[in-house]
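Colleague: I'm new to this one and would like to know what stands behind the labels people use. Can you walk me through the reasoning?

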Amino acid sequence: MSRKLFTVGPVNVEPEVLQAMTRPMVTHRSKEYKALHSSVIERMKKVLDTDMEIFLVGGSASIFLEGAIRNGVKSNVLGITNGSFGDRWIDISKLNGKNVKEIRVPWGKAMKPKDIEGAVDDTIEAVHFVSNESSTGVLSPLGELIDEIKKQSDALIFVDGVTSVAGTDLKLRKNEVDALIFGSQKALGLSPGLAFIAVSEKMMNKAKEVQNRGFYTDLLKLKKNNDDNSTLTTPPVSEVYALDFQLDRMIAEGMQARYRRHAEMADMVRKWSSKLYGMFPEEGYMSNTIGVLNRGDLDFDKFHGILKEKGYEISGGYGEVKKTTFRIGHMGDLTTARIKELLTIMEGTLEECK
């Protein structure tokens, strides 16, 4: 049975986006692919409003969480976390043999400048954190964190933008980062399959000094191919076709309009949460792409089972708050009308659960 997805990811993909993937296949070394690749990268820069170099590979964004560490850190890194995906990045750093200084912020709370005061000394080569934590629905103040890091150190700044890119304005011209990582299956409104990293010149220069950058994630190899409008290895060409289609739609909508739409959908979910037990994240730092609601005494499995029978799917809680929260994804090509439809169905389902 097909369902309408209001999940954290993979998200709903529109039929016309899926249809774009059926274009005739071309080889990834052909002039046709090179023209496609060049066009996609240039429009992605326009969408992000950045001049940073952007690389793409087949896979999930976790590839470049690891790639940032392998290219930008010789020994010492600071990992800030307030949820499962911040924890994952710390684990990735450790598994790649780095010395990790950890700062752990309580789940549901935003990471703030005061949390890292005096923490970024001259031994720290890079700082990494998640801008929009998928497990908690917390959107941390990116600009404030960057300013605090820069005040203390010249360390590289790595940001997981997996559930913020294309749904939240990261203001990259003002908020200068050295690596921004994201994937296709979230606010871009595509199916899984593409991973992206936007990198600064400073990051590329550091990569030249770091050994054991790996193969798939070697930024210097990726750049050599990118300069030729190509990829290091075979990309999922059909997924690039869909990206090509989607970038045109995003530009036509206008990115500020897109960000407003996401904020409006988020506001609807926040208001509706009062019918249950409210939102989990602290006030003022709630995500515009993911709503994390307190579950209270709701039998979520029963509730979600009925919801799915009606043709709608949301997401359960994750990590430490798996049993006390549930999540609603409101990103990509979803609209306020669709969110209203979902919330109406959910309200009726709550009555059935009583």
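Modeller: Let's start with Pro10, which sits in the loop between strand 1 and helix 1. Bear in mind that this is a predicted model.

Colleague: What makes the peptide bond from Gly9 to Pro10 cis?

Modeller: Its omega is near 0°, and that is what earns the bond from Gly9 to Pro10 the name cis. Most peptide bonds are trans.

Colleague: Phe6 is in that loop too, so why is its pair with Tyr312 called stacked?

Modeller: Two values decide that. The ring centres of Phe6 and Tyr312 are 6.3 Å apart, and the cut-off for a pair is 6.5 Å, so the two rings count as a pair. The planes are at 25°, and anything under 30 degrees is stacked, so that is the label the pair gets.

Colleague: How do you know that the Phe6 and Tyr312 pair ties together distant parts of the sequence?

Modeller: Look at where the two rings sit. Phe6 is in the loop between strand 1 (4-5) and helix 1 (15-20), while Tyr312 belongs to strand 12 (residues 312-313), so the pair joins parts 306 residues apart in sequence.

Colleague: And why are Phe6 and Tyr312 called buried?

Modeller: Phe6 has a relative accessible area of 2% and Tyr312 has 8%. Buried means under 20%, so both qualify.

Colleague: What makes the pair of Phe300 and Phe303 tilted?

Modeller: The centres of Phe300 and Phe303 are 6.4 Å apart, with 45° between the planes. Stacked needs under 30 degrees and edge-to-face needs over 60, so an angle between those cut-offs is tilted. Both residues lie in helix 10 (residues 300-309), three residues apart, or about one turn of the helix. Phe300 and Phe303 are both buried, and ring pairs link them with Phe326 into a cluster. Across the whole structure, the search turns up six aromatic pairs.

Colleague: On to charges. Why is the meeting of Arg173 and Asp51 called a salt bridge?

Modeller: The N to O distance between their side chains is 2.9 Å. The limit is 4 Å, so the pair passes. It also links distant parts of the chain: Arg173 is in the loop between strand 8 (156-160) and strand 9 (179-183), and Asp51 is in the loop between helix 2 (31-48) and strand 2 (53-58), 122 residues apart.

Colleague: Why is Asp51 called exposed, but Arg173 partly exposed?

Modeller: Asp51 has 61% relative accessibility, and Arg173 has a relative accessible area of 46%. Exposed means over 50%, and partly exposed runs from there down to 20%, so the two get separate labels.

Colleague: What makes Asp154 and Lys202 a salt bridge?

Modeller: Their closest N and O atoms are 2.9 Å apart, which is within 4 Å, so they count. Asp154 lies in the loop between helix 5 (142-152) and strand 8, with Lys202 in helix 6 (residues 201-207), so this pair ties together parts 48 residues apart in sequence. Asp154 is exposed at 63%, and Lys202 is partly exposed at 30%.

Colleague: What about Lys171 and Asp169: why is theirs a salt bridge?

Modeller: The closest N and O atoms of Lys171 and Asp169 are 3.8 Å apart, and that is still within 4 Å, so the name holds. Lys171 is partly exposed at 47%, as is Asp169 at 26%. In total, the search finds 31 salt bridges, and a network of them links Glu16, Arg249, Glu253, Arg258, Arg261 and Asp333.

Colleague: What makes the phi of Lys171 worth pointing out?

Modeller: Phi of Lys171 is near 50°, a positive value in a residue other than glycine. Most residues other than glycine have a negative phi. Lys171 is placed in the loop between strand 8 and strand 9. Asn229 also has a positive phi, near 55°, and its place is the loop between helix 7 (219-226) and helix 8 (237-253).

Colleague: Last one: which residues have the most contacts inside the largest nonpolar core?

Modeller: They are Met44, Val127, Phe129, Leu180 and Phe196, in a core of 57 residues. Beyond its sequence neighbours within four places, Leu180 is in contact with residues including Val159, Leu170 and Phe196. Another core, of 28 residues, lies apart from it, with Ile69 and Leu232 among them.

Note on methods:
Residues are numbered from 1 along each chain as its sequence is written. This is a predicted model: local features need pLDDT of at least 70, side-chain atom pairs count only at pLDDT 80 or more; totals for chains, interfaces and linings use all residues. Side-chain values use heavy atoms; hydrogens and water are left out. Helices (H or I, at least four residues) and strands (E, at least two) are DSSP runs, numbered from the N terminus. Buried means under 20% relative accessible area, exposed over 50%, partly exposed in between (1.4 Å probe, protein chains only). A nonpolar core is a set of buried Ala, Val, Leu, Ile, Met, Phe, Trp, Tyr and Cys residues joined through side-chain atoms within 4.5 Å. Contact means heavy atoms within 4.5 Å.
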